[in-house]
Amino acid sequence: MKPLAWLASFRLRILFRSAFLLLALAVVAMAVAVLQEEKQRSYDNYQASFAKTKEQIVARLRHPAGQLALLNPPRGEGPVTPLHPVMLPFSAIDFDDQGKVRHAVEMAGCLVQYKNYGSLCVAIANNPWAGGFIYAAGTFVSSKLVPHRIGNEFLDGAHRLRVVVSLRGDTYRWIAPFEVPSHERRRSSGMRGRFTGYVELDDPDYTGEMPVKEFRGWVWQSGRCLDATKESDEDCAKKSFFSLRLPIEALRDALFQPEKPQWPPPDLDQFEVQVEVLPPGDGPAIFDSNEDSAIPPFSLNDLTGLLLPGETLTIQKADRGEPTHLVQLHGKDEVLEEPSPLLTRLIRKLPVERYDAPVELADEVVTPMGSYRILFHGDARSVNKILSAVASRVSWFVGAMLLAIALAWLVIETGVVRRISRLTRRSSELSRSVKAIGGLQRFDLADLRGSDELGILANCLNDLLRRVKEDAERERIRAEQERDMWHAVGHEIMSPLQSLLVLHGHADDPSYRYINRMQQAVRVLYGNASPSEAFQSSALQVQAIDIAKLLRNVADNAGFVDVRCAAAYQPVWVRADEYPLEDVFSHILKNADRYRQPGTPITLALEITETTVTVIIHNVGRLITEDFLDKIFEYGVSEHAEAGANGNRGQGLFVAKTYMAKMGGTIAVRNVEDGVSFVLTLQRMRVGGAQ
């Protein structure tokens with residue numbers, strides 16, 4: 001036996017060592033599988049993100065601000081100021097209408113933002129025949145605008161604009177004081193006026209100078225103070241919106257040259273425009289478009305932020321001939337930690353679906369000035385770079401798991417395996433002793449008890465076996481007692497029933513029917529182990545029964561008052577066994593009588609269809625709780641804890657459900673508005689017994 005015991009212990013050690021080895025291999029395999037799955041998921045996510053990024057780019061370019069950027073491709077990374085005109089996707093701007101011009105510049109997205117609510121858009125129209133004008137529109141903040149008094153030849157006593165435009169070696173300078181037309185009515189909500197343009201002079205005296213005819217400008221000042229606490233202050237800071245049309249003779253002269261003018265002008269990025277808002281007097285400018293804090297509007301270069309490393313966005317203008325290259329943007333490379341070369345090679349060799357397929361998408365954006373082709377190229381190799389960096393960090397956790405497995409193996413090998421082998425030998429001896437006597441008569445493991453984990457396990461096993469034996473013995477005694485009880489009950493009841501049947505043996509005797517029912521019930525229980533098994537194993541004699549007649553008979557002989565039957569007087573034939581069906585009605589009526597409100601009737605209604613007959617037994621009373629509706633037909637279930645003491649064992653509704661099922665019918669209970677209704681459904685039979 002000793003060599004066999006030694007061999008069993010050796011096999012156990014091999015098992016544990018193999019398990020830990022497989023566990024270590026499983027950790028490594030899991031890490032590799034996770035990497036492969038993560039690579040596949042990352043590639044799929046990259047494909048989805050790549051398509052989503054393309055849709056975002058196209059959506060931006062189809063927006064008016066994007067169309068403005070397409071019409072004005074970036075030309076270098078120079079400073080924002082001085083401002084250069086951009087070409088708008090409009091043929092002209094209605095600069096006299098505040099709403100229209102504000103809507104045009106805001107929708108186009110050409111506004112350059114400044115501090116203190118300042119903004120300015122400098123642009124030309126997309127139609128060269130609009131007159132050769134430069135449009136300027138924006139906002140500034142100032143106190144209440146001081147108008148220039150018409151007739152006064154000095155312009156420095158009012159708020160005014162200074163506009164400087166430089167292009168092609170020429171410089172245009174205008175000074176435009178704020179004026180309020182004589183026909184302009186006073187407004188409670190703000191102020192409206194115009195800027196009248198003059199060619200700027202070095203002397204503030206403009207006596208005899210005529211306004212520039214084609215120079216037009218309007219300004220609308222809000223009536224609300226920016227600081228709500230200073231509404232009563234006349235000189236509080238208010239926001240103003242202005243619109244200018246600047247005549248540029250160089251652009252107008254180019255329209256009348258023999259050759260067709262090129263539009264937009266190829267040197268548009270060399271035009272420089274400066275707009276200043278000057279206060280009355282010699283103070284510093286309230287607003288200067290050449291401020292360094294200017295924030296430019298959306299540009300094609302801003303799309304670079306949407307590109308991942310390795311991605312390239314190419315935008316071409318689809319002319320009639322060869323497409324014209326506008327711009328090519330590249331995703332910025334991220335600085336990642338240096339990955340492990342071994343992990344990099346491993347990730348590169350992990351196979352994924354469609355990894356070698358080219359990542360390329362194309363689309364087209366149509367604008368009033370033409371169509372633009374969008375080419376978006378991706379680089380799936382960036383997935384490897386990112387995944388390698390992540391895998392380098394995760395490798396530390398995999399190494400820690402392998403180290404934990406090794407330590408666990410060492411602890412189990414030295415402190416558990418040897419002691420388990422001893423407990424196994426003891427358990428084997430106990431098993432052989434139990435088999436020898438054919439039961440749990442000998443199960444004493446007290447000598448294996450102890451204060452450590454294995455001793456506690458032996459103690460628990462000893463207590464568990466003792467309880468199992470006690471429970472098995474109690475169950476055996478209870479089953480025998482119940483079987484003997486039902487045998488005795490059946491035997492004692494059958495004798496007086498036979499005597500009663502002799503006394504009331506005539507079929508016309510009313511008691512004859514009920515004695516037969518009692519005999520059948522006793523036969524069901526007689527000789528069986530339990531009531532539930534007896535009812536379920538009993539066989540019924542299903543035949544054609546007049547349910548209407550049976551219901552009237554049940555209502556007349558219910559044994560308690562006020563049971564009303566609404567059944568028809570013509571025969572209604574169903575498939576059933578008469579006595580069990582009468583028992584079903586009896587059990588339900590007893591239950592309804594027990595819970596109905598005093599003085600209320602119990603009603604029996606009959607509903608007939610082509611194939612079924614439904615009996616509805618209704619009583620007025622309290623409803624059944626929702627959690628009890630599904631349990632009411634179970635054997636031994638009663639709503640009252642003291643039901644057994646009162647003779648109610650909770651088997652009446654179980655019997656009813658069992659009989660109905662054996663007759664091919666159904667029974668259900670439901671709560672209605674004023675009480676409870678039991679619904680019994682049976683199969684209908686035609687006259688003569690045919691289905």
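**Close-up views of a predicted model**

**View 1. A hairpin turn between strand 5 and strand 6.** Two residues sit between the strands in this hairpin, and R168 takes a positive phi near 50° there. Before going further, note that this is a predicted model, in which local features need pLDDT of at least 70 and side-chain atom pairs count only at pLDDT 80 or more, while totals for chains, interfaces and linings use all residues. Residues are numbered from 1 along each chain as its sequence is written, and side-chain values use heavy atoms, with hydrogens and water left out. Helices (DSSP runs of H or I, at least four residues) and strands (DSSP runs of E, at least two residues) are numbered from the N terminus.

**View 2. Strand 5 and its partners, strand 6 and strand 11.** Two strands are said to pair if DSSP finds at least two bridges between them. Strand 5 and strand 6 (residues 170-179) run antiparallel and are joined by eight bridges. If you look for R160, its bridge partner in strand 6 is P177. Strand 5 is also joined to strand 11 (residues 272-278), by seven bridges, and that pair runs antiparallel too. Here V163 stands opposite V275 of strand 11. So how many of the eight residues of strand 5 are buried? Six of them are, so strand 5 (residues 160-167) is largely enclosed by the rest of the structure. Throughout, buried means under 20% relative accessible area, exposed means over 50%, and partly exposed is anything in between (1.4 Å probe, protein chains only).

**View 3. The disulfide of C110 and C121.** A disulfide here is a pair of cysteine sulfur atoms within 2.5 Å, and the structure holds two of them. In this one, the sulfur atoms of C110 and C121 are 2.0 Å apart. The link is left-handed, with -105° about the S-S bond. C110 lies in the loop between helix 3 (98-108) and strand 2 (112-113), while C121 lies in strand 3 (residues 119-124), so the pair ties together parts that are eleven residues apart in sequence. Both cysteines, C110 and C121, are buried.

**View 4. The disulfide of C225 and C236.** The sulfur atoms of C225 and C236 are 1.8 Å apart. With -65° about the S-S bond, this link is left-handed. C225 belongs to strand 9 (residues 216-225) and C236 to the loop between strand 9 and strand 10 (238-247), so the pair ties together parts that are eleven residues apart in sequence. C225 counts as buried at 8% relative accessibility, and C236 counts as buried at 4%. Number the bonded cysteines of the protein in sequence order, and the pairing reads 1-2, 3-4.

**View 5. An open sheet of four strands, with helix 2 packed on it.** The strand order is 14-13-16-15, with antiparallel pairing. Strand 14 (324-330) and strand 15 (360-367) stand at the edges with a single partner strand each, so one side of each is left without a neighbour in the sheet. From one strand to the next, the twist averages 15°. Axes are lines fitted to C-alpha atoms, for helices over the stretch in contact, and angles run from 0 to 180 degrees between N-to-C directions. Six bridges join strand 13 (residues 312-317) to strand 14, an antiparallel pair, and I315 has V327 of strand 14 as its bridge partner. Helix 2 (residues 64-71) packs on the sheet, touching strand 13, strand 14, strand 15 and strand 16 (370-377), and its direction makes about 95° with that of strand 15. Contact means heavy atoms within 4.5 Å. Helix 2 is mostly covered, with seven of its eight residues buried, among them Q67, L68 and L71.

**View 6. An open sheet of five strands, with helix 11 packed on it.** This sheet has the order 18-20-21-23-22 and mixed pairing. Its edge strands, strand 18 (563-565) and strand 22 (666-671), each pair on one side only. The twist averages 20° from one strand to the next. Strand 22 and strand 23 (residues 675-683) run antiparallel, joined by six bridges, and A668 stands opposite V679 in strand 23. Helix 11 (residues 578-595) packs on the sheet and touches strand 18, strand 20 (602-608), strand 21 (612-620), strand 22 and strand 23, its direction making about 25° with that of strand 21. One more residue to find is C565, which counts as partly exposed at 28% relative accessibility.
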